[in-house]
Amino acid sequence: MAKNLHAHWIKTVDKIVRDGFNQGLNQHFTDNESLNGRIISLKSRNYVNFGSCSYLGLEQHPALIEGVVQAVQKYGTQFSSSRTYVAVGLYQQLETLLQEIFTQPVLVAASTTLGHLSALPTLIGDNDCILLDHQVHSSVQMAAQVPKARGVNVEVIRHNQMEQLEETIKKIKNKYDKIWYLADGVYSMYGDVAPLPELVRLLDTYEQLYLYIDDAHGMSWTGKNGKGYVRSQIEHHPKMVLAVSLNKAFASAGGALVFPNETFASQVKNCGSTMIFSGPIQPPMLGSAIASAKLHLCDRIETYQNELAELIDYTNQKIAEFNLPQVEINNSPIFFIPVGLVKPTQSFVGKVIEDGFFVNCAGFPATPMKQGGIRFTLTRHILKSDIDRLLERIAYHYPLVLKEYGFTQQDVAKNFNIPEFEVKQIKSKFLTVFPQAHSEPQLNVQFTRNLAEINAEEWDNLFATKGNFTYSSIQLFEQIFSSKENQPENQWDFFYFVVRDEHKNIVLATFYSCAKIKEDMLSPGAVSQKVEAIRAHDPDYLTTKAVMLGCPISEGEHLFLNRQHPYWKKALRLLIDQISNTVREYQASQVLLRDFSTNDDEELKNTMFELGFVQLPLLDACVMQDLSWQTHEEYIKRLGRKYRYNVKKEILAYESQFKVVVDSPMSDTEIRHSYELYCQVHQKGYEINVYRLPFAFFKAICRHPDYDMMRLYLKDDPLSLAEEKPVAVMFSFVSAGVYSALIVGLDYEYLTSHNTYKQILYQTVQRARQLQCNTLGLGYTAVLEKKKVGARPYPMCAYVQSLDQYSQAVLESIAL
């Protein structure tokens with residue numbers, strides 16, 4: 001249903017980065033005359049650098065510096081040739097030293113990313129399968145797209161979920177020659193690690209399973225001779241390929257691939273595209289890499305590792321003393337203090353940077369929208385006194401920033417699914433000025449799950465012209481979809497939310513629901529078609545509970561928001577807070593606020609973004625705003641010249657073949673046949689991929705006074721009328737001069753021969769005019785056909801908040 005997703009994603013990320021840049025959080029240039037590893041100068045101000053990945057601080061080591069000097073003096077600044085033809089002899093020396101470190105065949109690449117781009121397409125065969133941990137590094141995901149482009153199947157596994165991984169292996173092990181699981185050793189955002197012992201068990205159990213693991217952030221700071229986190233925990237498995245970085249803690253340039261055998265190493269060296277067509281590491285950095293490798297092979301590396309380990313232990317101890325939260329506590333030099341949404345996270349990071357500590361803002365899209373935080377790293381250059389002062393400032397700002405943005409520490413614990421905590425109170429040793437707190441606006445909230453507690457007249461005054469959710473229509477929804485006898489996808493929970501000011505004026509009103517949805521509901525039709533093929537044998541694949549404005553069958557403007565009221569933003573925040581409570585109560589993973597007109601309302605867009613919602617474009621809504629023609633000829637004249645021709649040729653030429661029935665009551669038989677026509681359309685309706693509605697709903701709306709049912713019968717088929725079998729049906733809702741066409745049913749046998757879909761659209765237009773309606777809504781799909789009968793497309797959007805990026809990663813892997 002959604003369109004232009006990539007372009008919209010780019011705009012969202014661009015906005016986040018630009019906002020961070022404007023707040024001084026990213027894209028800096030140092031202006032130090034020289035660097036010492038501990039202090040960086042930005043715009044002539046010094047900061048303690050807690051953002052470096054050179055964990056062992058070897059970039060300042062005299063041996064590495066001397067390695068650069070000697071190499072550049074002997075070999076110059078570059079040796080420009082593909083390694084396929086000839087490489088400077090330093091390459092051979094470096095690979096020999098790395099093989100001594102890893103005791104396995106090693107191939108050096110110009111970068112870890114370029115190593116992935118050689119190894120994965122070469123080693124993964126056409127009849128292999130790729131399983132991606134959904135948090136594996138972006139460079140690995142990018143490289144996996146190369147074999148996928150030639151037809152290799154790629155699937156996504158939830159982060160570190162070994163049970164899901166094993167179940168997937170069991171399902172597909174007889175289908176593929178090899179199953180490649182792609183993961184990181186140490187993950188770069190939260191600093192968490194791969195479950196290596198469990199991976200070894202799986203490798204030993206399943207012959208087809210192979211492991212490709214990127215230990216870029218684990219290299220050097222742990223393991224014998226600095227061979228990294230992965231090799232510090234497990235031996236090199238015969239079915240494991242290890243990628244490491246020669247940057248970061250190794251403090252040089254390039255990457256390295258460590259293979260289980262010479263065959264794999266030879267294949268990648270001879271056939272890997274970036275081994276052939278990419279430039280080499282240049283002599284100066286090869287010189288530093290050789291010096292680093294020699295350092296790794298001597299006893300001093302263990303001393304450096306122990307010094308860093310002491311700082312890591314000290315940091316964990318101090319974090320515990322301040323009672324600061326962590327997503328995961330381990331012994332890596334990457335630390336993550338959870339905060340939440342983008343805006344408070346950016347504000348928090350900005351305050352810490354202003355205090356003199358350069359830390360990283362970790363947020364969307366690197367983390368889920370509501371799971372951003374402060375990321376900082378340790379190097380050997382850092383002093384314990386630096387750690388003391390940093391954590392003191394974090395502890396000082398933490399509760400104040402949360403309060404400033406209306407959150408509590410309990411909210412953070414719930415959002416990150418970590419134990420509740422209360423940060424130790426710190427008295428400021430710095431002069432820090434916060435804005436004076438203003439008195440909170442007096443807003444009164446009415447929240448109920450019982451529609452009877454809502455004033456019916458008041459509700460209809462707000463929503464009678466906005467969609468098919470008048471008071472009595474919602475009563476019908478509740479009657480049908482609150483039944484526990486329904487299938488799970490047709491069991492919905494309803495919630496009503498009204499905010500009034502101190503004078504009892506309504507500031508905000510809406511209803512929302514919690515229901516099981518298909519997570520590809522807003523995906524392109526081609527993606528949904530592939531997902532449905534999987535659901536044929538796994539019905540719950542990519543399904544979840546979602547909280548949405550309105551309910552799955554409602555259409556229209558679900559949110560009344562008095563934008564002229566001075567406290568409308570506060571009212572909106574109250575709604576989002578309540579929805580968040582519902583999300584936690586029902587363990588939903590997605591929030592969908594719909595349906596909004598896409599316009600230039602930047603204030604609403606920015607407010608939604610600050611509340612953690614990303615704008616997502618939907619299909620255009622097709623609407624006729626003026627039905628005031630007096631004659632059929634006048635209606636035809638209103639159409640464009642091209643469309644007049646289409647209507648005459650494709651619709652009016654067939655009109656005499658149909659009997660149109662609208663006023664007579666529908667028998668149970670006729671309702672049943674009409675429902676079957678709806679099922680035919682639903683089966684092909686991938687553009688908006690939703691669950692099929694139950695027959696009971698159709699039976700109920702056919703008895704409801706505000707619903708209008710139009711049926712088309714073929715005049716030349718007497719059995720059609722006698723057996724009450726229409727060839728097309730339109731279920732619509734009529735209220736306060738607005739005619740909303742909701743659901744169409746078609747007999748596809750007559751779709752082309754009689755143009756039944758075009759005919760029922762045309763007859764719907766005439767029916768709306770007959771009932772003297774002012775506005776006609778024709779829904780979202782088939783825009784061209786609806787334009788032909790006079791509708792105009794209006795861009796629409798939703799505001800979406802996903803609490804888990806796994807499903808999006810899966811859908812992207814299917815789409816690519």
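**Exercise 1. A loop residue at the surface**

Locate Phe79 in this predicted model, classify its exposure and name the patch it helps to make.

*Solution.*
- Step 1. Phe79 sits in the loop that links helix H2 (62–75) and helix H3 (90–102).
- Step 2. Its relative accessibility is 30%. Buried would need a value under 20%, exposed one over 50%. Phe79 therefore counts as partly exposed.
- Step 3. Phe79, Tyr85 and Val86 make a nonpolar surface patch. The patch covers about 330 Å².

**Exercise 2. Two faces of a helix**

Work out how the buried and exposed residues of helix H16 (residues 456–463) are arranged, then find what covers the buried ones.

*Solution.*
- Step 1. List the buried residues of H16: Trp459, Leu462 and Phe463.
- Step 2. Look down the axis of H16. The buried residues fall within an arc of 80 degrees, so they line one face of the helix.
- Step 3. Recall the helical repeat. An α-helix has 3.6 residues a turn, so residues three or four places apart point the same way.
- Step 4. Turn to the face directed away from the buried side. Exposed Glu457 and Asn461 are carried there.
- Step 5. Identify the cover. It includes helix H17 (471–481), strand S16 (506–518) and strand S18 (560–561).

**Exercise 3. An open sheet**

Give the strand order of the sheet that contains S1, S2 and S11, and explain which strands stand at its edges.

*Solution.*
- Step 1. The order is S1-S2-S11, in an open sheet of three strands with mixed pairing.
- Step 2. S1 (39–42) and S11 (357–358) each have a single partner strand, so one side of each lacks a neighbour in the sheet. These are the edge strands.
- Step 3. Check the pairing of S1 with S2 (residues 45–49). The two run antiparallel, joined by four bridges.
- Step 4. Pick out a bridge: Leu42 has Arg45 in S2 as its partner.

Definitions and conventions: Residues are numbered from 1 along each chain as its sequence is written. This is a predicted model: local features need pLDDT of at least 70, side-chain atom pairs count only at pLDDT 80 or more; totals for chains, interfaces and linings use all residues. Side-chain values use heavy atoms; hydrogens and water are left out. Two strands pair if DSSP finds at least two bridges between them. Patches are made of residues with over 30% relative accessible area and no salt bridge: like charges are joined within 9 Å, nonpolar side chains (Val, Leu, Ile, Met, Phe, Trp, Tyr) within 5 Å. Accessible areas come from the Shrake-Rupley method with a 1.4 Å probe; for residues, only the protein chains shown count as cover. A salt bridge is a side-chain nitrogen of Lys or Arg within 4 Å of a carboxyl oxygen of Asp or Glu. Buried means under 20% relative accessible area, exposed over 50%, partly exposed in between (1.4 Å probe, protein chains only). The arc is that of the directions from the helix axis to the C-beta atoms. Contact means heavy atoms within 4.5 Å.
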